[in-house]
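Biologist: I would like a close look at a single part of this model, set against the rest of the chain. Please take one helix and its cover, then go on to the places where the backbone or a side chain calls for a comment.

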Amino acid sequence: MRLRSRATHIGLAVTLTLSGLALSATGASAQSGYQDPHASIPARVSDLLKRMTLEEKVGQMTQPAVVTMQGDECQWSGGALNETCLKHTFVDLKAGSVLSGGGETPPQNTPKDWADMVNAVQKYALDHSRLHIPIVYGVDAVHGHNNVLGATKFPHQVGIGATWDSQLSEAMGESTSRAVKATGPQWDFAPVEDISRDTRWGRYYETYSEDPYLAGSLGAANVQGLQKTGQVAATVKHFIGYSAPFAGHDRTESHLDPRYIQDTFLPSYKAAVDAGALTLMANSGSVNGIPAHASHYLLTDVLRRQWGFKGVVVSDWNDVQSLQTAYHLSDTYAGAAAIAVNAGVDMAMLPPGSVDDYVSGLIADVKSGKVSKSRIDEAVSRILTLKFKLGLFEHPYVDASQANGIALGADKDLAVRAATESQTLLKNDGNALPLSTGLGKVVVTGPNADSIPNQDGGWTIGWQGIPDGVNDPGVTIYQGIKNLIGDHAKLVADSGDAVGQTKSADAAIVVVGEKPGAEGTSDNETPELAADQQKLVDDLQATGKPVIVVVVAGRPLALGSAADAKQLLMSWLPGSEGGTAVANVLFGKANPSGRLPVSWPKVAGDEPMFYQQLPGTNSGPSSSYDPLFAFGTGLSYTSYAVNGVTASGGSTVKVSVKVANTGSRDGDMVVPVFAQQPVSRIIAPPNRLVAYTRVSLRAGQSTTVSLSFPISRLAVTQGDINGSSTRSVIPGLYKIVAGDKSADLTVH
Ligand code: GLC
């Protein structure tokens with residue numbers, strides 16, 4: 001790790017080496033009080049809090065981005081750690097946390113460089129903290145440790161949604177946690193628990209599903225995986241309503257009525273909170289005219305008083321100052337800080353140029369009484385509790401020499417499994433798939449056929465995706481196919497040439513979709529397949545040869561004429577090992593099992609779209625739920641049957657489903673279970689997912705799978721239009737449905 005002044009650099013490296021990793025943050029063996037590792041965490045927090053000054057406490061609530069201490073200017077350039085800026089951050093401002101925002105990496109961006117950088121920041125912070133309080137370092141590892149060159153990139157969340165596999169989501173969390181911890185950070189700003197709502201939104205691919213239960217169960221599993229070792233904290237984000245901007249554009253206003261908040265939006269976040277997430281990030285946007293960062297209702301009434309969340313609430317990027325500069329809730333930054341902290345924000349995530357005034361403003365707020373000392377102590381207690389839980393006082397450093405071995409290319413098999421399970425086969429007319437590996441010539445074409453950046457999507461190496469000129473390893477779809485059929489695979493980049501060559505080929509595989517992006521820059525007002533890509537598909541189809549359309553995108557794009565494809569595979573953003581997964585599915589090494597976690601619209605304008613659209617008096621064409629492919633759609637190379645359903649129980653409903661593999665190939669069957677409510681005083685959606693499972697079935701095998709769900713999953717917010725009453729389960733007749741079978745369930 002290079003610091004600005006060489007002498008300092010040598011000194012630092014030697015100090016770290018000599019001190020090794022043995023000494024605790026206090027620089028000595030454990031003592032009494034907060035330094036006693038055998039004391040309880042509450043006792044350690046209480047003792048440390050008593051010793052802290054107001055400035056030290058406010059410093060703990062401050063999370064500057066690492067770019068504020070890198071390079072010559074400490075602004076946006078990145079680069080070597082700058083000792084002058086380190087001094088300002090940790091001596092003057094006494095910051096207790098640091099983050100790497102998207103693309104904020106050490107100069108070489110190797111795992112070891114990360115570990116050296118985080119260790120160096122930690123060392124400087126500890127050496128200059130009067131009470132030797134370690135920092136906690138946060139990073140966005142949202143599909144593996146996606147910032148780091150050479151780290152395995154998992155599929156983005158929407159593809160994991162298509163797996164319906166919570167065990168997989170947990171395993172991914174464990175893998176990501178190992179890579180993150182090995183490189184230094186101890187805090188992962190993941191998972192996203194916003195539910196998919198609108199394909200115009202640039203962050204659609206970061207969500208798991210449009211269904212609250214599917215999104216919540218996958219996110220909860222991911223939290224458990226991330227936090228399994230106790231060395232990394234997960235983050236439930238972005239609380240709440242971020243994914244439902246009224247106009248589809250990121251961070252524009254959302255309007256959610258109380259019943260929609262309670263019954264549709266809160267459950268996925270609550271599932272992750274109930275899974276034990278140690279932290280939560282607020283939504284940058286506004287809900288019903290109130291910025292989420294200013295909402296005492298959300299951040300205190302719901303989160304703390306109703307749910308009992310004890311963890312740390314961190315702001316999103318610059319969203320404390322946004323209360324002044326974007327939302328105009330205050331004409332001063334200090335005023336904005338007071339609003340956010342009093343609403344329930346414990347720690348502020350701060351970009352360059354916003355750190356000093358946050359610290360001075362909040363200190364002034366306390367001195368003026370705008371923010372009480374007890375509120376400061378409450379926030380700092382949560383932050384210190386987090387640090388004690390993560391073991392940072394005893395083990396503030398990582399062994400940088402191990403970082404490359406742990407983080408580079410780790411768990412590729414898991415990434416192949418995740419990408420394979422996420423492949424969602426939507427059409428296979430005439431069962432032309434799987435293709436034979438004995439084919440003569442297969443043309444592989446399309447803009448996403450040979451592109452790791454496009455497979456990995458946003459939040460990869462850079463915020464907006466892999467920067468031009470940067471090579472991050474992986475297996476492209478073309479390479480995956482070539483690995484199976486060798487030189488019979490012909491990569492043809494030019495569309496015209498591809499059409500020409502297809503005429504003499506046995507098949508063509510055309511990989512279309514979209515380019516990487518993140519947040520607002522990835523918003524799309526017409527989320528449809530580009531016209532030239534539709535034309536390429538049409539022209540290939542016109543050859544009369546088998547044409548397999550593969551979509552690599554973070555959202556279900558309206559396909560236009562490409563919807564007529566006879567073979568259609570949604571690959572989502574399959575990550576660095578996606579090429580292996582797609583090839584294995586296309587050539588039958590794997591039997592696809594993915595099911596849509598979202599609805600696929602026929603046209604771009606039919607958004608927001610979700611399967612729980614309520615019935616009404618509408619009759620216009622396509623005014624009801626009218627997707628191209630419905631939520632839960634997914635084909636296999638075998639066939640499955642549901643031969644019976646039973647349901648019984650009171651507070652816990654037990655469901656058994658008889659299933660069978662009636663085809664000729666082994667496969668994994670996803671079994672969703674829905675509840676229908678023939679009559680309800682609160683309009684009931686046609687279906688509500690209440691449980692799901694996956695079961696491996698050999699060809700011809702049948703079995704009975706058992707599922708259960710708490711009856712509370714059927715609760716709805718009572719009351720009139722204003723949803724002013726509590727949530728409860730409406731008594732009466734329900735139908736519990738799996739496949740084409742159902743069972744009656746009467747709730748008393
Ligand atoms: C971003 C995102 C958030 C991320 C944070 C830090 O703006 O909204 O998801 O965790 O900033 O990079």
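Modeller: What follows starts with the whole chain, turns to one helix, and then goes through some single sites.

The model is predicted. Its secondary structure comes to 21 helices and 25 strands. For 748 residues, a compact globule would have a radius of gyration near 27 Å, and the protein, with 26 Å, agrees with that. Along the principal axes, the C-alpha atoms fill a box of roughly 75 × 65 × 45 Å. Of the 748 residues, 62% count as buried. Contacts between residues at least 6 apart in sequence join, in 76% of cases, residues at least 24 apart. The accessible surface comes to about 26,100 Å², and carbon and sulfur atoms hold 52% of this area. As for charge, there are 59 positive and 70 negative charges, and their mean positions lie 5 Å apart.

The part for the close look is helix H12, residues 333-343. This helix is mostly covered, with nine of its 11 residues buried. The buried set is Tyr333, Ala334, Gly335, Ala336, Ala337, Ala338, Ala340, Val341 and Ala343. An α-helix has 3.6 residues a turn, so residues three or four places apart point the same way. In H12 the buried residues include the run Tyr333, Ala334, Gly335, Ala336, Ala337 and Ala338. The cover over the buried residues of H12 includes four helices and a strand: helix H10 (296-306), helix H11 (322-325), strand S10 (348-350), helix H13 (355-368) and helix H14 (373-389). After H12 comes Gly344, with a positive phi near 140°.

Another helix offers a single buried side chain to look at. Thr264 sits in helix H9, residues 258-274. With a relative accessible area of 14%, Thr264 falls under the 20% limit and is therefore buried. Leaving aside residues up to four places away in sequence, Thr264 touches Ile195, Arg197, Pro212 and Arg259.

The structure holds one disulfide. Its partners are Cys74 and Cys85, whose sulfur atoms are 1.8 Å apart. The torsion about the S-S bond is about 95°, so this disulfide is right-handed. The two cysteines are 11 residues apart: Cys74 lies in the loop between strand S1 (62-64) and helix H4 (83-92), while Cys85 belongs to helix H4. Both Cys74 and Cys85 are buried.

Next come the backbone angles. Most residues other than glycine have a negative phi, and most peptide bonds are trans. The bond from Ala190 to Pro191 is cis, with omega near 5°. Pro191 is in the loop between strand S4 (187-188) and helix H8 (212-226). The bond from Lys237 to His238 is also cis, here with omega near 0°. His238 is placed in strand S5, residues 235-239.

Positive phi values occur at Trp459 and Ser622, neither of which is a glycine. For Trp459, phi is near 55°. Trp459 lies in the loop between helix H17 (452-456) and helix H18 (477-485). The relative accessible area of Trp459 is 6%, under the 20% limit, so this residue is buried. For Ser622, phi is about 65°. Ser622 is found in the loop between helix H21 (578-586) and strand S17. At 38% relative accessibility, Ser622 is between the limits of 20% and 50% and therefore counts as partly exposed.

Strand S17 (640-649) leads to the last site, since Ser651 is in the loop between S17 and strand S18 (652-661). Ser651 has a relative accessible area of 58%, over the 50% limit, so Ser651 is exposed. Even so, Ser651 touches Phe709, Pro710 and Ile711, not counting residues up to four places away in sequence. The C-alpha atoms of Ser651 and Ser712 are 7.4 Å apart, with the two positions 61 residues apart along the chain.

Terms used
Residues numbered from 1 in each chain as written. Predicted model: local features only at pLDDT ≥ 70, side-chain atom pairs only at ≥ 80, totals over all residues. Heavy atoms only, no water. Rg over C-alpha atoms; globule rule 2.2 N^0.38 Å. Buried < 20%, exposed > 50% of the residue type's maximum accessible area, 1.4 Å probe, protein only. Contact = heavy atoms within 4.5 Å. Areas by Shrake-Rupley, 256 points an atom, 1.4 Å probe, with all protein chains shown as cover. Lys, Arg positive; Asp, Glu negative; His and termini not counted. Charge placed at Lys NZ, Arg CZ, Asp CG, Glu CD. Disulfide = S-S within 2.5 Å.
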